[in-house]
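The questions below go through one protein model, site by site. Each answer reasons briefly and closes on the item asked for.

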Amino acid sequence: MLDAVIILVSNDDGVNSQGIHALAAAAESLGEVYVVAPDREQSAASHSLTLHRPLRVEELSPRRFAVDGTPTDCVNLAVCGLLPERPGLVLSGINKGANLGDDITYSGTVSAAMEGTLFGIPSIAVSLVAGDAYDFGPAAACAAALARRVLQAPLAEHTLLNVNVPAVPRAEITGCYVTRQGKRRFSDAFVEKRDPRGKKYYWIGGGELGFVNEPGTDFAAIHAGAISITPIHLDLTHVPSLDALGHLALEWP
Ligand code: MN
């Protein structure tokens with residue numbers, strides 16, 4: 001039995017989102033679940049940490065807390081003292097929308113898992129690829145199955161799992177692949193408008209963005225209707241450049 005382990009569940013869609021309820025419910029069979037999540041949507045909050053104002057925590061019900069901060073704040077507070085003991089697993093999600101390729105650098109969902117990983121806790125980020133309908137069932141089942149495995153066989157150091165699940169009925173999911181992080185085709189589109197006082201304002205990220213359909217990537221798996229599991233490593237060093245950029249090491253002083 002794994003019932004002694006504490007499982008921390010967070011997200012970036014907010015403590016009241018449907019996806020976090022589904023994830024917390026799915027994790028109940030694996031341990032003692034604590035939900036510590038932002039009190040409102042914090043999508044695209046990245047890995048930001050609140051350092052210039054106090055954070056307030058509201059206990060909504062037993063083992064369920066709302067924080068007026070970012071996903072990273074939530075995991076940090078939870079691990080550093082809100083929970084009765086250190087969690088054995090951090091689950092983040094289930095995000096309403098994909099976290100694929102370069103987009104993960106903006107993702108609050110993935111950042112919550114990064115924070116867990118920085119504390120040395122096995123962490124999994126789970127996202128449902130946006131569709132018209134949001135059935136979190138298959139993604140929740142997938143998260144629970146992966147969490148069970150990760151609790152039994154830990155991940156490599158500094159490594160989290162970024163999981164994306166197609167938003168289709170379970171029987172329509174075509175497979176499940178371990179993938180590498182793919183690449184976006186960024187568009188330079190943005191929306192410029194004028195407010196009622198004639199002043200310009202802008203919206204970033206208007207329109208559908210494409211992706212590079214390279215085999216073996218998270219994008220390719222999702223495009224093929226399959227679940228994508230990407231191991232993400234937090235050491236961002238580009239190792240080949242260590243030698244290739246040796247000439248940059250200045251003679252100093
Ligand atoms: Mn989100």
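**Salt bridges, metal site and backbone**

Asp68 and Arg53 form a salt bridge in which the closest N and O atoms are 3.4 Å apart. This pair links distant parts of the chain, with Asp68 in the loop between strand 4 (64–67) and helix 2 (71–82) and Arg53 in the loop between strand 2 and strand 3. The model is predicted.

Q: How many residues apart are Asp68 and Arg53, the pair that links distant parts of the chain?
A: Asp68 lies in the loop between strand 4 and helix 2, whereas Arg53 lies in the loop between strand 2 and strand 3. The pair therefore links distant parts of the chain, and its spacing is 15 residues.

Q: Is Arg53 buried, partly exposed or exposed?
A: Buried means under 20% relative accessible area and exposed means over 50%, with partly exposed in between. The relative accessible area of Arg53 is 41%, so Arg53 is partly exposed.

Q: How many salt bridges does the structure hold?
A: Side chains of opposite charge can pair when their charged atoms come close. Among the pairs here are Asp68 with Arg53, Asp39 with Arg40 and Asp103 with Arg184. The count for the structure is 5.

Q: Which residue meets the side chain of Asp39 in a salt bridge?
A: Asp39 is partly exposed, with a relative accessible area of 31%. Its partner is exposed, at 51% relative accessible area. The N to O distance in the salt bridge is 2.9 Å, and the partner is Arg40.

Q: Are Asp103 and Arg184 buried or exposed?
A: Asp103 forms a salt bridge with Arg184, with the closest N and O atoms 2.9 Å apart. The pair links distant parts of the chain: Asp103 is in the loop between strand 5 and helix 3 (108–118), Arg184 is in strand 9, and 81 residues separate them. Both residues are buried.

Q: Which residues coordinate the manganese ion?
A: The donor residues follow the sequence spacing D-D-x29-S-x51-N. Their distances to the manganese ion are 2.1 to 2.2 Å. The residues are Asp12 (OD), Asp13 (OD), Ser43 (OG) and Asn95 (OD1).

Q: How many residues apart in sequence are the parts that Ser43 and Asn95 tie together?
A: Both Ser43 and Asn95 coordinate the manganese ion. Ser43 lies in the loop between strand 2 (32–38) and strand 3 (57–61), and Asn95 lies in strand 5 (residues 89–96), so the pair ties together parts whose separation in sequence is 52 residues.

Q: Is the manganese donor Asn95 buried or exposed?
A: Another donor, Ser43, is partly exposed, with a relative accessible area of 33%. For Asn95 the relative accessibility is 6%. Buried means under 20%, so Asn95 counts as buried.

Q: Which residue's side chain makes a polar contact with the side chain of Thr179?
A: Thr179 is found in the loop between strand 8 (176–178) and strand 9 (184–185), and is buried at 7% relative accessible area. Beyond four places away in sequence, Thr179 touches residues including Gly216, Asp218, Ser228 and Pro231. The polar contact spans 2.7 Å, and the partner is Thr230.

Q: Which residues make the nonpolar surface patch of about 300 Å²?
A: One of the members is found in strand 10 (residues 190–194), and this residue is partly exposed, with a relative accessible area of 30%. The patch is made by Val191, Tyr201 and Trp203.

Q: Where does Ile94, which follows Gly93 across a cis peptide bond, lie?
A: The bond from Gly93 to Ile94 has omega near -10°. Another cis peptide bond runs from Trp252 to Pro253, with omega near 0°, and Pro253 lies in the segment after helix 6 (239–244). Ile94 lies in strand 5.

Q: What is the phi of His158?
A: His158 sits in the loop between helix 4 (137–152) and strand 7 (159–165), and counts as partly exposed at 41% relative accessibility. Phi is positive although His158 is a residue other than glycine, and its value is near 60°.

Q: What is the phi of Ala44?
A: Ala44 is placed in the loop between strand 2 and strand 3. With 57% relative accessibility, Ala44 counts as exposed. Ala44 is not a glycine, yet its phi is positive, at about 65°.

Technical notes:
Residues numbered from 1 in each chain as written. Predicted model: local features only at pLDDT ≥ 70, side-chain atom pairs only at ≥ 80, totals over all residues. Heavy atoms only, no water. Donors = N, O, S within 2.8 Å, 3.2 Å for Na, K, Ca; no water. Helix = DSSP H or I, 4+ residues; strand = E, 2+ residues; numbered from the N terminus. Buried < 20%, exposed > 50% of the residue type's maximum accessible area, 1.4 Å probe, protein only. Polar contact = N/O pair within 3.5 Å; in protein donor to acceptor, adjacent residues only side chain to side chain. Contact = heavy atoms within 4.5 Å. Salt bridge = Lys/Arg side-chain N within 4 Å of Asp/Glu carboxyl O. Patch = residues over 30% accessible without salt bridge, like charges linked within 9 Å, V, L, I, M, F, W, Y side chains within 5 Å. Areas by Shrake-Rupley, 256 points an atom, 1.4 Å probe, with all protein chains shown as cover.
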